[in-house]
Amino acid sequence: MGNGVQEQRASLTRGDVLPVASSNQSESSFESLKQTHSVINSLFSGALAGALAKTAVAPLDRTKIIFQVSSARFSAKEAYRLIYRTYLKDGFISLWRGNSATMVRVIPYAAIQFCAHEQYKGLLGGYYGFQGKALPPFPRLLAGSMAGTTAAMLTYPLDMVRARMAVTPKEMYGNILHVFVRISREEGLKTLYRGFTPTILGVVPYAGLSFFTYETLKKVHAERSGRLQPYSYERLAFGACAGLIGQSASYPLDVVRRRMQTAGVTGHTYGTILGTMREIVAEEGVIRGLYKGLSMNWVKGPIAVGISFTTFDLTQILLRKLHQMGYTNR
């Protein structure tokens with residue numbers, strides 16, 4: 001009889017404990033699945049945002065790079081002439097030359113950057129006690145800078161290849177793989193990371209200020225309008241402001257980066273950031289050298305960044321709705 005009572009107690013104990021353990025395991029599994037879905041959604045949304053934004057402004061971007069890496073004086077009239085001459089000589093599609101290399105770089109870059117930004121926001125929000133809320137100014141700036149740095153570090157050789165394809169005739173490099181092979185053989189693998197330091201130094205203020213400005217404008221808008229979600233045209237305007245501020249702050253380093261990346265095909269031997277800056281200033285002056293093409297960037301940048309941020313946000317919202325509908329219909 002005693003054994004029967006003990007077995008019954010053991011059975012009850014097991015009956016009480018097992019459902020609790022199972023429940024905790026289920027909650028942990030659900031949170032893990034939710035986190036995985038969030039990462040996948042951010043990667044997909046970021047990739048789509050980057051692809052659409054860069055394709056929309058590819059002809060202007062290519063023209064800007066050509067002026068950045070040469071000593072020719074920039075003006076809107078000269079930029080238009082270059083675009084028109086390229087169109088007459090090589091056809092309309094040639095205006096997007098190097099865009100395939102751009103996509104190979106931009107898709108992983110934008111995917112990593114936006115996804116990293118979401119993750120860093122969550123981590124910094126937990127650290128500063130703002131989980132699920134808008135971050136204070138400094139963590140907001142830090143999240144953007146860290147996201148940009150992470151993406152740039154992981155995708156830099158692709159940016160190098162894209163710059164080479166943009167400034168060389170199509171006979172020189174047949175495709176992206178050909179660029180990698182020729183640079184590795186003729187200039188060494190280290191060349192694939194030429195210009196890396198100015199890139200990182202430029203990305204920190206650019207990505208930091210871009211994300212900071214966009215997130216701040218959304219926060220201010222929500223507080224003043226009472227609407228949590230801005231309209232699409234408002235997102236475009238916020239993104240345009242973010243792009244204008246971010247690119248203006250980091251533009252000289254962008255010029256230095258392009259000069260160092262294309263040194264092998266332009267006949268120059270740029271070694272260091274300061275050395276490159278000194279040479280540019282000596283030959284072309286501060287404004288005409290370090291800020292060459294900035295006026296074009298004021299057209300191109302806000303359009304690209306506006307499209308990028310808007311596409312990311314709207315894709316995220318759509319994916320969340322589809323995800324919720326999938327759960328509801330089960």
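This is a short dialogue on reading helix packing, cavities and a buried residue in a predicted model.

Q: How is a pair of packed helices described?

A: Two things are given: the angle between the helix axes and the distance between those axes. Here, take helix H5 (residues 137-167) and helix H6 (residues 176-186), whose axes come within 10 Å and cross at roughly 100°. Angles of 65 to 115 degrees count as roughly perpendicular, so H5 is roughly perpendicular to H6.

Q: Which residues of H5 and H6 make the contact?

A: From H5 come Pro 157, Leu 158, Val 161, Arg 164 and Met 165. H6 brings Ile 176, Val 179, Phe 180 and Ile 183. Sorted by character, the residues of this contact are eight nonpolar, no polar and one charged.

Q: Let's move on to enclosed space. How many cavities of 30 Å³ or more are there?

A: A cavity is a set of points where a 1.4 Å probe fits but cannot get out. The count by this rule is three cavities of 30 Å³ or more. The largest has a volume of about 680 Å³.

Q: What lines the largest cavity?

A: Its lining has 37 residues, and those nearest the centre are Lys 54, Arg 105, Tyr 109, Tyr 206 and Gln 247. Two or more residues each come from helix H1 (2-56), helix H2 (58-68), helix H4 (99-128), H5, helix H7 (196-225), helix H8 (232-261) and helix H12 (294-328). H7 gives the most, with eight residues. By character, the lining holds 17 nonpolar, ten polar and ten charged residues.

Q: And the second largest cavity: how much space lies in it, and which residues are closest to its centre?

A: The second largest cavity holds about 80 Å³ of space. It is lined by 13 residues, with Ala 58, Arg 62, Arg 97, Thr 102 and Arg 162 closest to the centre. H2, H4 and H5 each supply at least two residues of this lining, and H2 gives the most, with four. The lining divides into five nonpolar, three polar and five charged residues.

Q: Now a single residue. Is Ser 210 buried or exposed?

A: A residue counts as buried when its relative accessible area is under 20%. For Ser 210 the value is 4%, so Ser 210 is buried. You will find Ser 210 in helix H7.

Q: What is Ser 210 in contact with, leaving aside its neighbours within four places in sequence?

A: With those neighbours set aside, Ser 210 is in contact with Pro 205, Ala 242, Gly 246 and Phe 309.

Definitions and conventions:
Residues are numbered from 1 along each chain as its sequence is written. This is a predicted model: local features need pLDDT of at least 70, side-chain atom pairs count only at pLDDT 80 or more; totals for chains, interfaces and linings use all residues. Side-chain values use heavy atoms; hydrogens and water are left out. Axes are lines fitted to C-alpha atoms, for helices over the stretch in contact, and angles run from 0 to 180 degrees between N-to-C directions. Angles under 35 degrees count as roughly parallel, over 145 as roughly antiparallel, 65 to 115 as roughly perpendicular and the rest as oblique. Contact means heavy atoms within 4.5 Å. Ala, Val, Leu, Ile, Met, Phe, Trp, Tyr, Cys and Pro count as nonpolar, Asp, Glu, Lys and Arg as charged, and the others, Gly among them, as polar. On a 1 Å grid over the protein atoms alone, a cavity is a set of points where a 1.4 Å probe fits but cannot get out, and a pocket is an open set with protein on both sides within 12 Å along at least five of seven lines; lining residues have an atom within 4 Å of a point. Grid points are joined across faces, edges and corners, and a volume is the space filled by probe spheres set on the points. Buried means under 20% relative accessible area, exposed over 50%, partly exposed in between (1.4 Å probe, protein chains only).
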